[in-house]
Amino acid sequence: MSSRFSNEIKAEAKRLGFFSCGIAKAERVSQEVENHLRQWLADGMNADMEWMGNYLDKRMDPRLLMDGLKSIVSVAMNYAPTQRLPQDQPQIAAYALGQDYHEVMKQRLHRLAAFIYGEDRLKDANYRVFVDSGPVLERYWAVRAGLGWVGKNRQLIIPHAGSMFFLGELFLDFETDYDRPIADRCGACTKCIDHCPTRALSPNHDFNSTLCLSYQTIENRKELSEEAKKAMGNVIYGCDRCQAACPWNRFATPSDIPEFQPKPELLRMTRDNWKNLSVEDYRRLFKGSAVKRVKYKGLMRNISTLFSEGE
């Protein structure tokens, strides 16, 4: 395939609402990345998220995920909020204010595949779509595809755009022109590390999941750690403090993706509404939302902790 077709893929990705798109050659990840991931897992930095250690062979070599894989199209979709919850009310991480990104992005990636292979041949085409849904090192491939670099906050940072992006991949069975990685531009800045309330981030770019407020308030099914209780402030789902501190996010522009806009009912929630949130309210308010991941019990744990710590 020619560079012209590579450019056509990127143009169609932009038309479909993806902020950025790049293409990398499918191959085994670098030895440095493999060694770091294996050591990170051996050190228990993944907390009790054991799935992160599953299918390591496929994480290291995506060609094991699809026969004939030649190219990996990496895309980023902007979720920077147009509206936020009132500052004096309980907060939810920006990425979860709208609908669950998994299906939104998957649908558009399948449409990108239809553009590439043709609607009439899509059913028999050899391709795969991933959105945080398989053993794929999404940030690694975004870097290889030239979208940005992995910052000290462990997020992909896109130059002059910031880090508030969802990532996805489209696996293709043909070769094309490939993009070059972008150099790390964090420099000596450590603002994300300095602003991490639980010290989950460290200067050597490592990351301790157990300490992270996002892990504690979302993935953790047990009681919140004492450190998390003290540091959560007014947040009941996730944490955006490392991103809020990142200078690159001053370039962030509000997302125009309709599905990522918060429901009016969510914006109207008050402290009393949160305190008295029923199962029915929870289901209605977060239908099709990533917040469903924490389940009603987990969200109420967070809400109860917030009010007990703050009162």
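Where is the place of Cys196? Select Cys196 and follow the chain on both sides. Cys196 sits in the loop between α6 and α7, the latter being residues 213-219. Keep in mind that this is a predicted model.

**Stop 1: the whole protein**

Zoom out before going further. Show the protein as a cartoon and count 13 helices and eight strands. The radius of gyration is 20 Å, close to the 19 Å that the globule rule gives for 311 residues, so the protein is as compact as a globular protein of that length. Along the principal axes, the C-alpha atoms fill a box of roughly 65 × 40 × 35 Å.

Now switch on the surface. The accessible surface comes to about 15300 Å². Carbon and sulfur atoms account for 48% of that area. Of the 311 residues, 52% are buried. Look at the contacts too, leaving out pairs less than 6 apart in sequence: 75% of the contacts that remain join residues at least 24 apart.

**Stop 2: four cysteines**

Return to Cys196 and add Cys212, Cys239 and Cys242. An unreviewed UniProt entry annotates these four as "binding site". They are spread over 47 residues of sequence, yet they cluster in space, with a largest C-alpha distance of 10.6 Å. Of these residues, Cys239 is included in the lining of the second largest pocket.

Is Cys196 buried or exposed? Cys196 counts as buried, because its relative accessibility of 14% falls under the 20% cut-off.

Move to Cys242, in helix α9, residues 241-245. Cys242 is also buried, at 16% relative accessibility. Beyond its neighbours within four places in sequence, Cys242 is in contact with Asn153, Cys192 and Leu201.

**Stop 3: a second annotated set**

Clear the selection. Pick Arg59, Asp132, Asn153, Leu156, Leu167, Ser214, Cys239 and Asp240. The unreviewed UniProt entry gives "binding site" for these residues as well. Do they gather or scatter? They span 182 residues in sequence and the farthest two C-alpha atoms are 26.8 Å apart, so they do not all gather at one spot. Cys239 and Asp240 are among the residues lining the second largest pocket.

Asn153 deserves a second look here. It belongs to this annotated set, and it is also a contact of Cys242 from the previous stop.

**Stop 4: Arg59**

Center on Arg59, in helix α3, residues 56-60. Arg59 is buried, with a relative accessible area of 10%. Which backbone oxygen does its side chain reach? The side chain of Arg59 reaches the one of Trp51, at 2.8 Å.

Show the surroundings of Arg59, ignoring residues up to four places away in sequence. Val29, Trp51, Met52 and Asn54 touch it, as do Gly134, Pro135, Val136 and Leu137.

**Stop 5: Leu156**

Next, select strand β6, residues 156-157, where Leu156 is found. At 5% relative accessibility, Leu156 counts as buried. Outside its four-place sequence neighbourhood, the contacts of Leu156 include Arg139, Ala142, Val143 and Leu147. Gly148, Trp149 and Val150 are also in contact with Leu156. So are Gly162, Ser163 and Leu167. Leu167 is itself one of the annotated residues of Stop 3.

**Stop 6: two more arginines**

Go to helix α4, residues 101-117, and pick Arg108. Arg108 is buried, with a relative accessible area of 11%. Its contacts, apart from neighbours within four places in sequence, are Leu16, Gly17, Phe18, Met77, Ile257, Pro258 and Glu259.

Then select Arg121, in the loop between α4 and β4, the strand at 128-130. Arg121 counts as exposed, at 53% relative accessibility. Which backbone oxygen lies 2.8 Å from a polar atom of the Arg121 side chain? That of Tyr117 does.

**Stop 7: Cys189**

Finish at Cys189. It lies in the loop between β7 (165-172) and α6 (191-195). Cys189 counts as partly exposed, with 28% relative accessibility. Leaving out residues up to four places away in sequence, Cys189 touches Lys152 and Pro247. Draw a distance from Cys189 to Pro247: the two are 58 residues apart along the chain, and their C-alpha atoms are separated by 8.8 Å.

Note on methods:
Residues are numbered from 1 along each chain as its sequence is written. This is a predicted model: local features need pLDDT of at least 70, side-chain atom pairs count only at pLDDT 80 or more; totals for chains, interfaces and linings use all residues. Side-chain values use heavy atoms; hydrogens and water are left out. UniProt positions are given in the numbering used here, feature names are shortened, and annotations may be inferred rather than shown by experiment. On a 1 Å grid over the protein atoms alone, a cavity is a set of points where a 1.4 Å probe fits but cannot get out, and a pocket is an open set with protein on both sides within 12 Å along at least five of seven lines; lining residues have an atom within 4 Å of a point. Helices (H or I, at least four residues) and strands (E, at least two) are DSSP runs, numbered from the N terminus. Buried means under 20% relative accessible area, exposed over 50%, partly exposed in between (1.4 Å probe, protein chains only). Contact means heavy atoms within 4.5 Å. A polar contact is a pair of N or O atoms within 3.5 Å; within protein, one must be able to donate a hydrogen and the other to accept it, and residues adjacent in sequence count only if both atoms are side-chain atoms. The radius of gyration is taken over C-alpha atoms; the globule rule is 2.2 Å times the number of residues to the power 0.38. Accessible areas come from the Shrake-Rupley method with a 1.4 Å probe; for residues, only the protein chains shown count as cover.
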